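Work through these exercises with the structure open. Each task is followed by a solution in steps.

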Amino acid sequence: MTRRVCGIVAAVGNIDPEICRKMLARIAHRGPDDTGELGISNIWLGHQRLSIMDVEGGRQPLADQAESAFVVANGEIYNHTELRAQLSDVEFGTGSDTEAALHLLRLHGPAALPRLRGMFALAFALPDGGFLAARDRLGVKPLYWARRPDGVLFASELRAFEPADRPAVRSFPPGMYWTPETGLVRFADAVPASLREPPARPIPWQRVTRQVRETLVASVEQRMMSEAGIGVFLSGGLDSAIIAAIAARWMRANGRKLPTFAVGSAGSSDLVAARLIAEWLGTEHHEIELTEANVLEALPEAVRVIEHYDPSLVRSSVPNLLLARYTVGHVHAVLTGEGADELFAGYSYLHEPPFTEPTALHAELVRSVSELHHLNLQRCDRTTMAFGLEARVPFLDRAVVETALSIAPEDKLVRPGAREKQLLREAFAGWLPEEILWRPKEQFGDGSGAADVLNAAAKELLTRIHEPIASSPDVRLRDESESLYYSLWRKELAGIQVADTLGMFATT
């Protein structure tokens, strides 16, 4: 049975509830296992739900026992067990991770937000009209908002908003909350201020590799919680291979076998590598083959699903979209390797001037981590959640980010005779086959064989469009493929202001 993933809609003010219901219906692909709504005072809360934790008792909007506070949330609170232990005087009514956030917010208000460890976008309400909306520090989970004369609207996707409201839609900033009384207030930074400058002294290499390994293992294990099945997207590269190795070990210790999922064209190096990793780890392995036919079919869908038209993002979304469509028939959550290249300097451009200078490299890593919510995380969320699949990103756990950015940038430069991400490779020596541990990084489109298939499909799609390619005085379109994708995007989201909602890669 197809499952669908969480999405939220919220409103505060005098907005007609029918507008909110229509918005919720437009993101029905994010749910439901069920749908819930609540009107209280001048607040409306709506939720589409995937049942991953507390399948029977986790319906939303969620209320405390006295119905003195209410919440809708998209995402997962990974430290909810720890938070429950700290709230020993509170009577819990469900096993849902969201209930820990509800009680913490009820007791402490916005001061509770920095204590939530996870990925989330949420709206919290009190019977007297008190209201708070918030988004996690990295923006792993999406949230948009729009101010109207009669109130303020919030939703998980751009497509939720009424056409008349689209020009007012903005991306809700990560690490911030909003109340009618305070406006926007920052409660956390993507990168803490103490880590924005390079560390003063390098940490001994063996100590660093141990810290990286232990922190990442803890992050993966914390994300294994699921009552509905969990797997790993296995690209064949280092990052997802490390995640799979940790998850497979956890699964074995719990008497289960890890499902892994790979995508690529027939005979591509990524598929071959993923197969080798899966055999080494003893996983239940699945493969999806890219063909010109299924890529051509998925290209327009990718633009619609990710609500974006950047060519690099669209091209990488197509394989993920096809993989997610298949994977949801087997599990309801997956772990991915997002964020590793930004934290450990995996991209090739980071090993060229000016980033061969340590201070410049560190600054670029900080910038790229802070901007992930506009780009790779948007692709990650949308391509999976389009089919009711939740993606979890262990490399972007708060502790992993802080550990990685406390490492001297000199230790992330490529030294003579070494490879990119040398430190990460050495941290997991013995966990993977040597040929995988030391396999050079390939761009996803190259290793998966997707680039050639995607280029052919894009050319075919261009011949099928019998109307002028879109242009706009407010949008700089960099090449023909971007113009094509923008045409498709504008059909779906006319009125949305690009500068206020989307980020762009520097090049196509």
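**Exercise 1.** Classify Arg478 as buried, partly exposed or exposed, then find its salt-bridge partner.

*Solution.* The model is predicted.
- Step 1. Arg478 has a relative accessible area of 22%. Buried means under 20% and exposed means over 50%, so Arg478 is partly exposed.
- Step 2. The partner is Asp310, with the closest N and O atoms 2.8 Å apart. The cut-off is 4 Å, so the pair counts as a salt bridge.
- Step 3. Place both residues. Arg478 sits in the loop between helix 16 (450-464) and helix 17 (480-493), and Asp310 in the loop between helix 7 and helix 8. The pair is 168 residues apart and links distant parts of the chain.
- Step 4. Check the partner. Asp310 is at 0% relative accessibility, so Asp310 is buried.

**Exercise 2.** State where Arg159 and Glu307 lie in the chain, and whether each is buried or exposed.

*Solution.*
- Step 1. A salt bridge joins their side chains, at 3.4 Å from N to O.
- Step 2. Arg159 is in the loop between strand 9 (151-155) and strand 10 (169-171). Glu307 is in the loop between helix 7 (292-306) and helix 8 (311-327). They are 148 residues apart.
- Step 3. Arg159 has a relative accessible area of 9%, so Arg159 is buried. Glu307, at 0%, is buried too.
- Step 4. Widen the view. Arg159 and Glu307 belong to one network of salt bridges with shared partners. Arg30, Lys141, Glu157, Asp381, Arg382 and Glu492 are also in that network.

**Exercise 3.** Describe the salt bridge between Glu301 and Arg304.

*Solution.*
- Step 1. The closest N and O atoms are 2.9 Å apart.
- Step 2. Both residues lie in helix 7, three residues apart, which is about one turn of the helix.
- Step 3. Glu301 has a relative accessible area of 23% and is partly exposed. Arg304, at 28%, is partly exposed as well.
- Step 4. For the whole model, the count is 35 salt bridges.

**Exercise 4.** Compare the expected span of helix 16 with the distance between its end C-alpha atoms. Which residues of helix 16 are buried, and which are exposed?

*Solution.*
- Step 1. Helix 16 has 15 residues. At 1.5 Å a residue, the expected span is 21 Å.
- Step 2. The end C-alpha atoms are 21 Å apart, which agrees.
- Step 3. In helix 16, the buried residues include Ala450, Val453, Leu454, Ala457, Ala458 and Leu461. They cover an arc of only 135° around the axis, so they are on the same side of helix 16.
- Step 4. Asp452, Lys459 and Thr463 are exposed, on the other side of helix 16.

Technical notes: Residues numbered from 1 in each chain as written. Predicted model: local features only at pLDDT ≥ 70, side-chain atom pairs only at ≥ 80, totals over all residues. Heavy atoms only, no water. Helix = DSSP H or I, 4+ residues; strand = E, 2+ residues; numbered from the N terminus. Buried < 20%, exposed > 50% of the residue type's maximum accessible area, 1.4 Å probe, protein only. Expected span 1.5 Å × (residues − 1). Arc of directions from axis to C-beta.
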